[in-house]
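Please look through the sequence and the structure shown here before reading on. The report that follows takes up confidence, strands, cores and some single residues in turn.

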Amino acid sequence: ALDATKGGLFIPDSAKERPTEGTVVSVGGGRYHSETGFKFDMQVAAGSKVMYGKFDGSSMRYNDIDHQLIKDDDILLVYTGDEALEGNVQIIKDNILVKLPPKEETNFGGIIVTTAGGGESNKKPDRGEVVLVGPGRQLQNGKTIPMCVEVGDQIRFRDFAGSQIKLGNEEYCVIKDHDVMVKWKA
C-alpha cells in the first residue's frame, strides 16, 4: 500500500518508521512503587523476543555490541518464532492489540485515490477490532485492574494513541486500555 504525503509524494509501507524488535538479553530485578514499596512483576524474561517503539529506550554499547535499554512499559508485545505474527504474539500489561480496518484505496490508471475525504487521508487510524488483550495494569498493592474490552469488541480509541505495527501483511495498533473511548459488538 502507498500513502500520500501533503506534497503528493507516495511512500511505500517499507519506507515508513516501524517499531523495533529485539531479543531480551537481561532484565532488572523489577520496579518498586515509590510510595508503597510494592515490587511490580516483570512480564518478560531473558530470551524473550519483543517489539517496542522506534524511539523508546536508550542506546548503549556493551562488549562491542549495540544494545537498547528499554523500560518494561515501552514493550508493545512479546512473540515467539522468527517473525511477529498475530498467531504468535502475546500482549502484556494493559496493552490491547487492535486490527485496523483496511484502507479503502482505488487505482485508476496508476493514480491512487483514497476514499477518505478532505484532510483525513493522512489521519492516523482510531478504530478497529480487538484481537488480543493483556492481563491488565498492576496497581501499587499488587492487584490487577481488569481490562475494559475483550477479544472481538469493536472500539474507537483516542486520536494519536498507541503504536501502529504490521504483523505479516496486516495493519494493527497497540494501545493502552485507558485510550479506549467506546466499544461495541459487531
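## Confidence of the model

The protein chain in this predicted model has a mean pLDDT of 83, and 80% of its residues reach 70 or more. Two stretches call for caution: pLDDT stays under 50 over residues 11–16, for which the model has 13 contacts beyond four places in sequence, and pLDDT also stays under 50 over residues 115–119, for which the model has 2 such contacts. Where pLDDT is low, the predicted coordinates should not be read in detail.

## Strands and their pairing

Strands of a sheet pair through backbone hydrogen bonds, in either a parallel or an antiparallel sense. One open sheet of 4 strands follows the order β3-β4-β7-β8, and its pairing is antiparallel. At its edges stand β3 (20–23) and β8 (89–90), each of which pairs on one side only. The antiparallel strands β7 and β8 are joined by 2 bridges, and Val78 has Gln90 of β8 as its bridge partner.

Strand β9 has other partners. With β15 it forms an antiparallel pair over 5 bridges, in which Asn95 stands opposite Lys176 of β15. With strand β12 (residues 127–133), β9 pairs over 4 bridges, again in the antiparallel sense, and here Ile96 stands opposite Val133 of β12. Why is strand β9 described as largely enclosed by the rest of the structure? The reason is that 4 of the 5 residues of this strand, which spans residues 95–99, are buried.

## Nonpolar cores

In soluble globular proteins, nonpolar side chains tend to be buried together. In this model the largest nonpolar core has 13 residues, and those with the most contacts inside it are Met51, Leu77, Ala84, Val89, Leu97, Ile165 and Leu167. Two or more residues of this core come from each of β7 (75–79), β14 (163–167) and β15 (170–176), with β7 giving the largest share, 3 residues.

Which residues does Leu167 contact, once its neighbours within four places in sequence are left aside? They are Met51, Ala84, Leu85, Glu86, Val89, Leu97 and Tyr172. Apart from the largest core lies another, of 12 residues, among them Phe157, Ala161, Cys173 and Val180.

Cys173 counts as buried, at 1% relative accessibility, whereas Cys148 is partly exposed, with a relative accessible area of 33%. A disulfide is a covalent bond between the sulfur atoms of two cysteines, and with a cut-off of 2.5 Å between the sulfur atoms the count in this model comes to 0 disulfides.

## Single residues of interest

Most residues other than glycine have a negative phi. Asn63, although it is not a glycine, has a positive phi of about 50 degrees, and its place is in the loop between β5 (58–62) and β6 (65–69). Phe160 is also a residue other than glycine with a positive phi, near 70 degrees, and it is found in the loop between β13 (154–157) and β14. The table sets these residues beside others by their relative accessible area.

| Residue | Relative accessible area | Class |
|---|---|---|
| Asn63 | 59% | exposed |
| Phe160 | 68% | exposed |
| Gln154 | 19% | buried |
| Lys39 | 38% | partly exposed |

Gln154 is found in strand β13, and it counts as buried because its relative accessible area of 19% falls under the cut-off of 20%. Beyond its neighbours within four places in sequence, Gln154 is in contact with Gly128, Glu129, Val182, Lys183, Trp184 and Ala186.

Lys39 lies in the loop between β3 and β4 (49–52). Residues up to four places away in sequence not being counted, Lys39 touches Gly29, Gly30, Arg31 and Tyr32. Lys39 and Gly29 are 10 residues apart in sequence, and their C-alpha atoms are 8.9 Å apart in space. How does the side chain of Lys39 relate to the backbone oxygen of Gly29? In the model the side chain of Lys39 reaches that oxygen at 2.8 Å.

Notes:
Residues numbered from 1 in each chain as written. Heavy atoms only, no water. Core = buried A, V, L, I, M, F, W, Y, C linked by side-chain atoms within 4.5 Å. Buried < 20%, exposed > 50% of the residue type's maximum accessible area, 1.4 Å probe, protein only. Contact = heavy atoms within 4.5 Å. pLDDT = per-residue confidence, 0-100. Pairing = 2+ DSSP bridges. Polar contact = N/O pair within 3.5 Å; in protein donor to acceptor, adjacent residues only side chain to side chain.
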